[in-house]
Structures are given as C-alpha cells and as structure tokens.
Amino acid sequence: MDRIPQPASSPDRPLSREHALTLLNTALRTGELRYARRLCTSWLAVYPGDLLVSYLYAQAFYQDKTASIQQQALPILEECTRLDPEFLEAQQLLAEIQQLAGPTKGLVAKACANALSHAHSVKTGMNGHVSSWAKSIYEARSALNIVKSGDYQAIEKAEYFIHKALVENPDTPLAAVVHLRVIESESSMPKAAVRDLAQIYHERWPDCLQFLLTLANELMESGESDQAVSMLHQAVSKDIAGQVPQRMWGEHHQYSSLWPVIIEAQNTNPNSPQNLPIPAAVASSLGWNQLGAASSGDNVTNPLAESASSIEPGYDAVEVPQAKPVYSPHAVDVEVEAAPVSESTRLAQTELEKMAAELSVPHIAHEDGRFPIYVVF
C-alpha cells in the first residue's frame, strides 16, 4: 500500500477530503470504529452533504458488535438513499441492517440493490411473492447503456421494461429515476414533456437529487436561469462531491464549476477533524509512526505531536515519545579512575563544607552548578 503524506506539522493546516477518506477507510479496516465515528461527525459538521462520508459513517456504526449501535446506521442510510437512490453501496448496507430486524425487512432496499447490480428478483411478503420490478429496472438500465453506445434501437426495450416496473408501483424513486432517463433519451420527446415529468417526480420525491438536477437543467435550457441556479445550489449543498451529477452527465459536465474543486476542512475549533487524536493502529497502518526505522542522522518528526495533549481515554492513541537519555549502541562499560585531589583542593573543600554547615545548607558544598540534560535523536 502506498503511503499517503503525513499530517501537516502545523495544526492550522486544512485537512483535505482525500486524507479524511483515507483516515476513515483505514480506521474501519483496523477496527477503530469510535475514531471513525468521531471523524465522520466532525467532517459532516462542515460538509453535511458529503454522501460518501455519510455512508462510511453508517459503516462505522454497522461494524460495531452492539445491536443498538448498529441500528444507528439506519437513518443515515435512509437519508443517503432518499437523496441518491442509485447509490448501490448504501442500498446494499441498508438492506443488511434492515434485515437484522427480520427476514421480511429491508426487501425494498435489497430489490434496489439487485436492480443496480444484477437481474435477480426479490421475494417479498409472507407469501413469498416474487417482485419482478427489480429485474425490470435492471433490464431497462442495461438497455439505456446500449442506447448511450449508439444503438438507439434499444430504446424500445428500455421503454418496455421500465413501464413494466412502474406498473408494480414500487415504494422507491428508483423506477421513476430510470423512467425519466428513458424519456430524456428519446430524441422525439418534447423538452416540455421532460420538464413536466421531472416536476411531477420532484414534487413526489423532493429529496431525490436526480429529479432536482434534471428539473434544474430543463429550466436552464428554457431560459429560467434564476430558478435553475437556485436548484443547482441546493444540489451542491446536498451532494458536495457531486457524485450524482457526475453519474448523470459525466465528470466534466456543464455545471461542474458550481461544485468545489478543493474540499477541505479548516481548523476553526477544537472539534475540527485535524484536532482529533489518531489511534495508534491507524497511524501504524499508514506508516506514520515508524520512528524506530529511522536511520542515524534522519530528522524524525512526530506528526501527531500537536494532538497528544487531547488524547481521549477509550482507545489507544499514539503517544508522543518522551525525552529520554540516549546511549550509543556501541558503548562499553569502563571503569573511570578518579583523578588525584591536591592538598590545597582538599583544604578548600573542607573549608567549604564548614561554611555550608553554618548556613544550614550542607548539600551546597557538593554542587558544581551542572545540570543533567537529555539529547533526543
């Protein structure tokens, strides 16, 4: 694994999203769930619309062995999938957590995950009825991918399967998202019809970013730029990294300038992400505390020094090494012969001891003004 750069030595430096995600993924991998949750909380206080961090936040709850803590991931994932029903990983994890309450729970989320990944149907209800809308959505999405590649004949197949899915009226906006995409792909479809359908779906599912973005784009093309820009700014606040518009329109879409290029958290208060003490397991996994591996002459800087004073009890945080005497590994024990003391020196020492006794500070006669020091390599 490639090492990422060490944290900045100055706590005033901002923490980039890239480094925050690396810390989060490492914390989840090493089992430092409490730190992962604290880091997510701190980051989401700055960027509440970071969908990927929200998903990792849910992971940090779900990986806990306590059932009550696992359930705290539920509202986070429900929010993620309301905003982005095509968020496959969130749908999969939501299904797993819901099914902890029973085999008949979480079936809609599981069907959504199947619709996004493969064509397997999902049994729903106590009677074992097989819901086919997941398979129909998968087939419609697959046909749309063929249309994008240039084979416009596949649009009829996409229409057939998405209408079949809509007939079942699933309790999710996913079918409507695919339906709107099919309508957009039809070259003969009037722009007004696309806008009206986007408006209808947006009113039914106001949190869904796909409808918000499609409606904003249609309004922009029809000349209603003020309302369109306002809606686009809403989308930015709900999806700061732009994962939904990039999936819809590509990485360099026409509205990409509205999304921030650099996403980083400034150190504005004690709860800022970079002020959280990093657990030893995380730092070690990233190669940040390999002090013993430094060769002679290397300048070793502890990247965690600034947060050592705030180490929270409850997990093993990296300790800042204390100053200790340094001994050469090549040193040998030798007996040092005391230098002979002259008669005049002995008489002076005797006189000094008498004066020290009279002043009631007898120890001062043996002090030479030198103090021990520590050298740290």
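This report walks through the fold, a few helices and some single residues of a predicted model.

**The whole chain**

Let's start with the broad view. The protein has 377 residues, and 40% of them are buried. Its secondary structure comes to 16 helices and four strands. If you look at contacts with a separation of 6 or more, 57% of them join residues 24 or more positions apart. The accessible surface adds up to about 21,800 Å², and carbon and sulfur atoms own 53% of that.

**Helix H11 and its surroundings**

Helix H11 covers residues 191–204, which makes 14 residues. From first C-alpha to last it reaches 20 Å, close to the 20 Å expected at 1.5 Å a residue. Which residues of H11 are buried? They are Val194, Leu197, Ala198, Tyr201 and His202. Looking down the axis of H11, you'd find these buried residues within an arc of 135°, so they line one face of the helix. Over on the other side of H11 sit Ile200, Glu203 and Arg204, which are exposed. The buried residues of H11 pack against four helices: H9 (155–167), H10 (174–185), H12 (209–221) and H13 (225–238). Tyr201 turns up again in the aromatic story, since ring pairs link it with Trp205 and Phe211 into a cluster.

**Helices H5 and H7**

Helix H5, residues 73–83, has a buried set made up of Ala73, Ile76, Leu77, Cys80, Thr81 and Leu83. Seen down the axis of H5, they fall within an arc of 160°, so here too the buried residues line one face of the helix. Their packing partners are H3, helix H4 (67–70), helix H6 (88–98), H12 and H13.

Now for helix H7, residues 107–117. Eight of its eleven residues are buried, so H7 is largely enclosed by the rest of the structure. The buried ones are Leu107, Ala109, Ala111, Cys112, Ala113, Asn114, Ala115 and Leu116.

**Aromatic rings and cysteines**

How many aromatic pairs does the model hold? The count is eight. One of them is tyrosine 57 with phenylalanine 61: the ring centres are 4.9 Å apart and the planes meet at 50°, so the pair is tilted. Both residues lie in helix H3 (residues 51–62), four residues apart, or about one turn of the helix. Tyrosine 57 and phenylalanine 61 are both buried.

As for cysteines, the disulfide count comes to zero. Cysteine 40 is buried, with a relative accessible area of 0%. Cysteine 80, which is among the buried residues of H5, has a relative accessible area of 2%.

**A few single residues**

Here are some C-alpha separations between residues that sit apart along the chain.

| Residue pair | Apart in sequence | C-alpha to C-alpha |
|---|---|---|
| Arginine 13 and glutamine 274 | 261 residues | 8.4 Å |
| Methionine 248 and threonine 214 | 34 residues | 9.2 Å |
| Histidine 163 and isoleucine 137 | 26 residues | 9.2 Å |

Take arginine 13 to begin with. You'll find arginine 13 in the segment before strand S1 (15–16). Is arginine 13 buried or exposed? The cut-off for exposed is over 50% relative accessible area, and arginine 13 counts as exposed because its relative accessibility is 52%.

Methionine 248 belongs to helix H14 (residues 243–249). With a relative accessibility of 15%, methionine 248 counts as buried. What does methionine 248 touch, leaving aside its neighbours within four places in sequence? The contacts are Arg181, Gln210, Leu213 and Thr214. That last one, threonine 214, is also the partner in the table, with its C-alpha 9.2 Å from that of methionine 248.

Histidine 163 is in helix H9. Its relative accessible area is 42%, which makes histidine 163 partly exposed.

Finally, have a look at the backbone of asparagine 169, in the loop between H9 and H10. Most residues other than glycine have a negative phi. In asparagine 169, though, phi has a positive value, near 50°.

Terms used
Residues numbered from 1 in each chain as written. Predicted model: local features only at pLDDT ≥ 70, side-chain atom pairs only at ≥ 80, totals over all residues. Heavy atoms only, no water. Helix = DSSP H or I, 4+ residues; strand = E, 2+ residues; numbered from the N terminus. Buried < 20%, exposed > 50% of the residue type's maximum accessible area, 1.4 Å probe, protein only. Disulfide = S-S within 2.5 Å. Phe/Tyr/Trp six-rings, centres within 6.5 Å; stacked < 30°, edge-to-face > 60°. Expected span 1.5 Å × (residues − 1). Arc of directions from axis to C-beta. Contact = heavy atoms within 4.5 Å. Areas by Shrake-Rupley, 256 points an atom, 1.4 Å probe, with all protein chains shown as cover.
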